[in-house]
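Take the model below one region at a time. This report moves from a single loop residue to the sheet, its crossovers and the helices.

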Amino acid sequence: MDDAAGLAIAYEEAQKSYEEGGIPIGAALISSTGTGTVLGRGHNQRVQLGSPIHHGETATLLNAGRLLASSYSNSTMYTTLSPCDMCTGAILLYKIPRVVIGENSTFRAAGEDYLRQRGVEVVVVDDQECRMLMERFIGEKPEVWWEDIGELSILNSSPSTKVK
């Protein structure tokens, strides 16, 4: 499977999350061997499930189920947005060697550089559809976005209050 097809699956997941009222981040784990089998796919479900850990990449790993180590080490993680620290850790934990990112202009985590330092191939596509969907969501629900990335909301009047 080529990168455009893998990213298209991740984008479908992001769109699904947006339609459910959630944060539009999607991901897909695709085997790099042979037929390019979809091992798992998922989307951010923090809003839908009230969960602090159901990001696009972690939901994808959950949906992939228990796999052999060789499955992870022969795969690519496609994600519509630059992976956060938690998702970066999951990618490293399972030794996924390649990550394709739809866009990183609305959010660029330090994880990209850390992944590269740890030997992971990181490809940033700068996909317009991924960027436009995220920009639309941030414009519509800025407070949910700030909550998702663990930052103080620009709408929060109390500078000492952290969103958990």
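Start with Ser 51, which is found in the loop between α2 (46–49) and α3. The model is a predicted one. Is Ser 51 buried or exposed? Its relative accessible area is 11%. Buried means under 20%, so Ser 51 counts as buried. Which residues does Ser 51 touch, leaving aside its neighbours within four places in sequence? The contacts are Gln 45 and Arg 46.

## The sheet

Five strands form an open sheet. Their order is β2-β1-β3-β4-β5, and the pairing is mixed. Which strands sit at the edges? They are β2 (38–43) and β5, each of which pairs on one side only. From one strand to the next, the twist averages 15 degrees.

Now look at β4 (98–103). This strand is mostly covered: six of its six residues are buried. On one side, β4 runs parallel to β3, and five bridges join the two. Here Tyr 78 stands opposite Val 100 of β4. β4 also runs parallel to β5 (residues 121–124), joined by four bridges. Two residue pairs mark this second seam. Val 99 has Val 122 in β5 as its bridge partner. Ile 101 stands opposite Val 124 in β5. As background, side chains in a regular strand alternate between the two faces of the sheet.

## Two crossovers

How does the chain get from β3 to β4? It goes through α5, and this β-α-β crossover is right-handed. A second right-handed β-α-β unit is made by β4, α6 and β5.

The helix of the β3-to-β4 crossover deserves a closer look. Helix α5 spans residues 85–93. Which of its residues are buried? They are Cys 87, Thr 88, Ala 90, Ile 91 and Leu 92. What do these residues pack against? Their partners are two helices and two strands: α3 (56–64), α6 (111–117), β3 (75–81) and β4. In general, an α-helix has 3.6 residues a turn, so residues three or four places apart point the same way.

## Positive phi in two loops

Two residues that are not glycines take a positive phi. Lys 95 does so at about 55 degrees, and Asp 126 at about 60 degrees. Lys 95 comes just after α5, in the loop between α5 and β4. Asp 126 is found in the loop between β5 and α7. How accessible is Lys 95? At 61% relative accessibility, Lys 95 counts as exposed, because the cut-off is over 50%. Asp 126 has a relative accessible area of 47%, so it falls in the partly exposed range.

The residues whose accessibility is discussed in this report are set side by side here.

| Residue | Relative accessible area | Class |
|---|---|---|
| Glu 13 | 8% | buried |
| Ser 51 | 11% | buried |
| Lys 95 | 61% | exposed |
| Asp 126 | 47% | partly exposed |

## Helices α1 and α7

Two packed helices are described by the angle between their axes and the distance between the axes. Helix α1 covers residues 3–19 and helix α7 covers residues 128–140. They pack at an angle of about 15 degrees, with their axes 11 Å apart. Why is α1 called roughly parallel to α7? Angles under 35 degrees count as roughly parallel, so this pair qualifies. The crossing of α1 past α7 is left-handed.

Which residues make the contact? From α1 come Tyr 11, Ala 14, Gln 15 and Tyr 18. From α7 come Glu 129, Cys 130, Leu 133, Arg 136, Phe 137 and Glu 140. α7 also meets the sheet. It lies across β3 and β4, and runs at about 60 degrees to β4.

One more α1 residue is worth a stop. Glu 13 lies in this helix. Buried or exposed? Glu 13 counts as buried, because its relative accessibility is 8%. Its contacts, leaving aside neighbours within four places in sequence, are Gly 26, Ala 27, Arg 41, Gly 42 and His 43.

Notes
Residues numbered from 1 in each chain as written. Predicted model: local features only at pLDDT ≥ 70, side-chain atom pairs only at ≥ 80, totals over all residues. Heavy atoms only, no water. Buried < 20%, exposed > 50% of the residue type's maximum accessible area, 1.4 Å probe, protein only. Contact = heavy atoms within 4.5 Å. Pairing = 2+ DSSP bridges. Right-handed = clockwise from strand over helix to strand, strands pointing away. Axes fitted to C-alpha atoms, helices over the stretch in contact; angles between N-to-C directions. Parallel < 35°, antiparallel > 145°, perpendicular 65-115°, else oblique. Left-handed = near helix turned anticlockwise from the far one by under 90°.
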